[in-house]
Amino acid sequence: MSRLMLLGNPGTKRTRYLEKGAALWGVQLCLLDWKEFPKNLLSQDSGAGPFFLKIDPPLWDSCCLEQLSGLTWEYKENLMELARQGSRGKICFFNDPKTIKALLDKRGCKRRLREMGIPVTEELEFFDWEGGKKEGPGQYPRFSDLLDAMKDQGIFQVFLKPNYGSGAAGVMALRCDPAKGQMVLYTCAAKDSETGRLVNTKRLRRFGDRQQVSDMAQLLLRQDCIAERWYPKAEHNGHSYDLRVVVQDGEVDFALARLSKGPITNLQLNNRPLKAEELGLSDSVWDRVRQICLKAAGCYPGLRSAGIDILLEKGSLRPRVIEMNGQGDLIYQDIYGENRIYQKQGKMMREWQMRRQWEDRIWKNTC
Amino acid sequence: MGKAKRYQYDYEQYEDGKGPKTMVEDILSDPEFGQVTDLTIGSWGDACGDSCQDILDGITDNKDRFAHVEKLFVGDMDYEECEVSWIMQGNYGRLWKALPGLKELTIKGSTDLILGDVEHENLESLTIICGGLGTSVFEELKRAKLPSLKKLVLYIGIENYGFDGTKDTVKAFLEESDFPNLVHLGIEDSEIQDDLAQVALESKYMSRIHTLDLANGTLTDKGGALLLEKLPQFPNIQVLDVHYHYMSDGMVKKLNQLPIQVDASEPNEAEEYHGEIWMNAMLTE
């Protein structure tokens with residue numbers, strides 16, 4: 001029997017609901033625990049033929065942003081190790097680890113999408129991160145560099161985000177009024193009173209004092225981060241929202257609106273989710289969203305399942321890709337409903353298994 | 001039956017040169033505008049940098065073409081577009097005479113807001129949504145001649161965002177103003193909401209209105225107890241709106257038992273930080 005494996009975490013919702021979705025197609029998954037990686041991967045019987053592998057993200061329990069940055073670095077190394085193992089022809093990846101890694105890099109992902117003519121939330125150029133790093137550690141932009149760039153480019157509200165980060169971790173929404181010298185910053189990050197480091201919380205705070213805004217933003221600027229234009233988002237019943245669209249094998253399998261009373265929309269912040277069809281958007285808006293999502297997913301051929309965050313501009317409802325995620329398939333509203341996303345993945349695994357069996361039969365008959 | 005329509009500019013339009021100077025021209029060139037009786041003006045581009053004065057002037061200069069407008073909202077923007085306290089408002093002094101058919105006016109933002117000599121025969125509803133209402137606006141409203149006004153909602157806000165008065169400012173306003181047909185009084189969004197509940201309960205309007213609106217502020221059990229004690233003296237009160245508050249579940253339960261319609265939704269919990277208790281009005285945090 002051709003083997004189907006999940007590199008993940010036992011007992012999590014991702015694992016349980018994928019197992020359920022796979023079971024519907026008569027598919028049984030073998031779980032490789034991230035805690036035992038890479039030993040468990042290397043110990044796979046090399047004579048048993050190639051196996052199918054889905055990579056779920058490892059579990060992290062730190063809320064310190066600097067530590068999260070270190071964990072991301074370690075994760076990227078693990079993804080490269082997986083890619084090396086895959087290059088020996090033993091593994092058929094569900095989502096290619098190199099692609100998962102590429103999508104962790106928000107700046108790189110945006111660049112690629114932009115090159116392909118896909119509208120994205122535009123970035124503000126304010127620091128040559130790669131050049132800056134070459135000059136050695138400690139080369140980071142100052143908050144004043146960011147303000148100067150905002151003024152020069154006539155952009156008065158931006159999101160500051162760690163380039164390698166997920167969810168709302170560390171995200172800051174910054175708005176400035178250069179004429180009056182006013183500024184305001186919204187974030188879920190907080191400064192730990194003991195370590196002075198940024199930690200992630202689940203509460204959105206607003207800072208209006210110039211010095212506080214500067215201190216908070218400067219802490220984030222010490223990490224590799226991007227500043228992207230803060231476009232006013234579409235609203236529904238007094239809440240602003242963005243969309244998480246899950247594209248799998250060239251089809252939109254799920255779309256969810258993430259409604260918020262604050263500028264940072266992320267479901268981890270207890271924002272309100274809503275099935276996207278309940279937004280009452282017109283067919284033409286949906287067509288545009290669908291086209292952009294399919295085109296974006298198509299930019300990464302190694303990606304069979306992608307979670308794509310889409311912003312609809314307030315008023316025009318013009319869609320833009322905020323970011324893409326090679327592991328953005330866990331949607332509570334889906335798993336507690338039809339479990340459509342993981343059922344589709346079960347089907348994809350079953351198809352792979354059948355193809356393998358058919359190829360084996362042909363091979364044996366030929367021999 | 002008239003239509004409701006919202007006019008606003010997004011980023012790209014702003015970058016293409018749209019702004020308060022072009023808004024009225026764009027509204028008038030809309031073939032549907034002749035049917036629009038409910039007119040909402042959202043972001044005019046850089047609402048933090050540019051005042052809406054050109055829009056207000058454009059409306060008064062073209063008053064005949066805006067004569068069919070019955071409802072007007074100037075500055076309908078949320079936190080995605082501009083901080084409410086940064087919205088640059090304007091002088092409404094000429095608008096009152098220019099739009100005699102206006103029934104409802106909603107203004108969002110109080111920076112540079114001037115109402116001027118407020119005199120209007122037909123205005124039935126006036127709402128000012130802001131992070132802090134200046135005493136100059138209270139003074140203008142004190143002198144206002146609005147014989148048809150049925151609904152008045154004022155967001156009081158906080159000092160940092162423009163409220164430079166005290167509870168006595170609101171008290172004096174309620175004492176000295178004269179809105180003979182007022183039935184809905186809203187004194188909202190204050191961090192001294194308990195005090196303002198008392199001020200409202202002691203005002204002359206209490207015997208006339210059917211709706212008391214003390215929503216979106218830091219109303220605690222102190223204000224709740226006052227409402228429980230005083231409201232039964234006013235059988236004319238049919239609706240109490242205290243949504244977004246800091247009252248306990250027990251107090252909410254008691255208020256809900258009053259024989260009137262009560263909205264006590266959106267409870268909040270005060271936070272303690274370094275021994276101090278922090279509460280925020282809805283539009284101030």
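Let's start where the two chains meet: in this predicted model, the contact draws on 18 residues of chain A and 12 residues of chain B. Which elements of chain A give two or more residues to that side? They are strand E6 (172–177) and strand E7 (182–191) of chain A. If you sort the side of chain A that touches chain B by class, you get 6 nonpolar, 5 polar and 7 charged residues.

Now let's stay with chain A and look at how it is divided up. The domain assignment splits chain A into domain 1 (4–95 + 340–366), domain 2 (129–229) and domain 3 (233–326). Notice that domain 1 of chain A is written as two stretches, 4–95 and 340–366. Measure from centre to centre over C-alpha atoms, and domain 1 of chain A and domain 3 of chain A are 26 Å apart. These two domains also share a contact, with 7 residues coming from domain 1 of chain A and 10 residues from domain 3 of chain A. On the domain 1 side of chain A, the residues touching domain 3 of chain A are 3 nonpolar, 2 polar and 2 charged.

Next, zoom in on one strand, E11 of chain A, which covers residues 239–248. Is strand E11 of chain A largely enclosed or left open? Of its 10 residues, 9 are buried, so strand E11 of chain A is largely enclosed by the rest of the structure. A residue counts as buried here if 20 or more other C-beta atoms lie within 10 Å of its own.

So what does E11(A) pair with? One partner is strand E10 (residues 235–236) of chain A, joined to E11(A) by 2 bridges and running antiparallel. You can spot this pairing at A:Glu235, whose bridge partner in E11(A) is A:Ser240. The hairpin of E10(A) and E11(A) has 2 residues between the strands, and in this hairpin A:Asn237 takes a positive phi near 50°.

Another partner is strand E12 (residues 251–260) of chain A, which pairs with E11(A) in the antiparallel sense over 9 bridges. Look for A:Leu243, which stands opposite A:Ala257 in E12(A). The hairpin of E11(A) and E12(A) also has 2 residues between its strands, and here A:Asp249 is the residue with a positive phi, near 45°.

There is one more pairing to find: E11(A) with strand E14 (residues 305–312) of chain A, again antiparallel, over 6 bridges. To see where they meet, find A:Gln248, whose bridge partner in E14(A) is A:Ser305.

How values were computed. Residues are numbered from 1 along each chain as its sequence is written. Chains are lettered from A and ligands numbered from 1 in the order in which they are written. This is a predicted model: local features need pLDDT of at least 70, side-chain atom pairs count only at pLDDT 80 or more; totals for chains, interfaces and linings use all residues. Helices (H or I, at least four residues) and strands (E, at least two) are DSSP runs, numbered from the N terminus. Ala, Val, Leu, Ile, Met, Phe, Trp, Tyr, Cys and Pro count as nonpolar, Asp, Glu, Lys and Arg as charged, and the others, Gly among them, as polar. Domain bounds come from an automatic or database domain assignment. A residue is buried if 20 or more other C-beta atoms lie within 10 Å of its own, exposed if 12 or fewer, and partly exposed in between; C-beta atoms are placed from the backbone. Two strands pair if DSSP finds at least two bridges between them.
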